[in-house]
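Work through the exercises below with the sequence and the coordinates side by side, attempting each task before reading its solution.

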Amino acid sequence: DIRYENNTLSMIISPGYVRRFTSEIVSTHLGRGSYEVCVESCGCHHFDMFTIPAPLTLLPPLLTVVLAVLTRQVLVSLTCGVYTAAFISAAYNPLEAFFLTFNDYLVAPFADPSRAAVLLFVSLMAGLVVITEKRGGGAGRANQNF
């Protein structure tokens with residue numbers, strides 16, 4: 001397995017041995033997301049990388065905000081924004097984007113205990129706000145003279 005991060009090439013040779021190269025790396029962009037990384041002592045490795053045009057990264061948040069304002073359905077708008085981001089990151093494959101959206105972005109956070117605790121806390125706070133609003137707490141506080 002070969003990884004190239006932060007100008008360091010890491011070659012995983014065996015499960016306990018990783019060889020890193022920094023000074024002898026030559027990286028060549030071959031065009032349209034295709035790269036070749038060469039290390040003088042190990043030879044060259046060719047890999048393809050899917051690149052996203054920078055303006056396209058603004059589409060998911062803009063779509064989310066526009067949908068939330070137009071439909072007044074925040075959860076549906078957020079889900080559409082997440083799906084749009086997954087669609088772009090899945091190289092425009094709608095089926096893979098669907099699985100990414102639900103498996104990796106909507107279900108996986110609940111598997112991590114710390115993330116689940118944060119989501120539970122936010123849900124309980126939202127429920128408290130709704131209960132306070134239904135019982136007239138916000139209106140009573142707004143009409144109170146100081």
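Helices (H or I, at least four residues) and strands (E, at least two) are taken as DSSP runs, numbered from the N terminus. The model is a predicted one, in which local features need pLDDT of at least 70 and side-chain atom pairs count only at pLDDT 80 or more, while totals for chains, interfaces and linings use all residues. Residues are numbered from 1 along each chain as its sequence is written, and side-chain values use heavy atoms, with hydrogens and water left out.

**Exercise 1. Outline the secondary structure of the chain and how much of the chain is buried.**

Start with the elements: the chain has five helices and six strands, and their order along the sequence is β-β-β-β-β-β-α-α-α-α-α. Next, apply the burial classes, where buried means under 20% relative accessible area, exposed over 50%, and partly exposed in between (1.4 Å probe, protein chains only). Of the 146 residues, 16% count as buried. Finally, take contact as heavy atoms within 4.5 Å; of the contacts between residues at least 6 apart in sequence, 16% join residues at least 24 apart.

**Exercise 2. Compare the span of α4 with its expected span, and describe what follows the helix.**

The expected span of a helix is 1.5 Å times one less than its number of residues. Helix α4 covers residues 113–134, and its 22 residues reach 31 Å from the first C-alpha to the last, close to the expected 32 Å. Just after α4, Gly136 takes a positive phi of about 85°.

**Exercise 3. Which class of burial does Thr84 fall into, and which does Thr71?**

Thr84 is found in helix α2 (residues 74–89), and it counts as buried because its relative accessibility is 13%. Leaving aside neighbours within four places in sequence, Thr84 is in contact with Leu59, Pro60 and Leu63.

Thr71, by contrast, lies in helix α1 (residues 59–71), and it is partly exposed because its relative accessible area is 40%. A polar atom of the Thr71 side chain lies 2.6 Å from the backbone oxygen of Leu67.

**Exercise 4. Which residues form a nonpolar patch on the surface, and how accessible is Leu128?**

The patch consists of Val118, Phe121, Val122, Met125 and Leu128, which together have about 480 Å² of accessible area, as computed by the Shrake-Rupley method with a 1.4 Å probe, with only the protein chains shown counting as cover for residues. Leu128, which lies in helix α4, is partly exposed, with a relative accessible area of 48%. An α-helix has 3.6 residues a turn, so residues three or four places apart point the same way.

Terms used. Patch = residues over 30% accessible without salt bridge, like charges linked within 9 Å, V, L, I, M, F, W, Y side chains within 5 Å. Salt bridge = Lys/Arg side-chain N within 4 Å of Asp/Glu carboxyl O. Polar contact = N/O pair within 3.5 Å; in protein donor to acceptor, adjacent residues only side chain to side chain.
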